[in-house]
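Biologist: Thanks for sitting down with me. Could you show me the model, and then we can talk through its charged pairs and its core?

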Amino acid sequence: MAQHVLIVDDEPNIVLSLEFLLSRSGFSVATANDGEGALAAAREQRPDVVLLDIMLPGMDGYELCQALREQPGLESVPILMLTARGREVDREKGLSLGADDYIVKPFSTREVVERVRRLAGEAD
């Protein structure tokens with residue numbers, strides 16, 4: 001069974017690109033464009049990895065990361081923050097709130113797939 005990835009981003013072009021890339025790499029993919037939708041999607045089908053933008057409408061990525069860590073059954077889901085916020089303070093904040101990894105946009109598609117595989121436990 002394919003590993004399941006939840007992409008959370010409000011930029012349609014980024015979502016389409018990541019969805020295509022990860023689907024082509026063998027993952028099943030769900031998407032959400034805000035924090036509330038992401039929580040609902042994660043409760044409905046527990047993802048193996050969450051790709052999470054920080055700048056989201058309503059609940060931001062930091063708040064969503066914290067909410068996922070506090071949600072029974074979702075507290076151990078690996079979270080990869082994928083964001084335009086490249087300052088060290090942003091990275092440290094994301095990791096301190098429970099993110100497992102952090103990539104700054106623009107990103108290498110190969111690097112995203114490799115890190116998702118590693119977080120999903122598929123790495124060689």
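Modeller: Happy to. A salt bridge here is a side-chain nitrogen of Lys or Arg within 4 Å of a carboxyl oxygen of Asp or Glu. This is a predicted model, where local features need pLDDT of at least 70 and side-chain atom pairs count only at pLDDT 80 or more, while totals for chains, interfaces and linings use all residues. Residues are numbered from 1 along each chain as its sequence is written, and side-chain values use heavy atoms, leaving out hydrogens and water.

Biologist: To how many salt bridges does the count come by this rule?

Modeller: One of them joins K105 to E11, with the closest N and O atoms 3.5 Å apart. Another brings the side chains of D53 and K105 together at 3.7 Å, N to O. By this rule, the count is nine.

Biologist: Which residues are linked with K105 in a network of salt bridges?

Modeller: K105 is buried (under 20% relative accessible area; exposed is over 50%, partly exposed in between, with a 1.4 Å probe and protein chains only), its own value being 13%. E11 is partly exposed at 37%, whereas D53 is buried. The network links K105 with D9, E11 and D53.

Biologist: Which helix supplies the largest share of the largest nonpolar core?

Modeller: A nonpolar core is a set of buried Ala, Val, Leu, Ile, Met, Phe, Trp, Tyr and Cys residues joined through side-chain atoms within 4.5 Å. The largest has 22 residues, with V8, L64 and M81 among those with the most contacts inside it. Five residues, the largest share, come from helix 3.

Terms used:
Helices (H or I, at least four residues) and strands (E, at least two) are DSSP runs, numbered from the N terminus.
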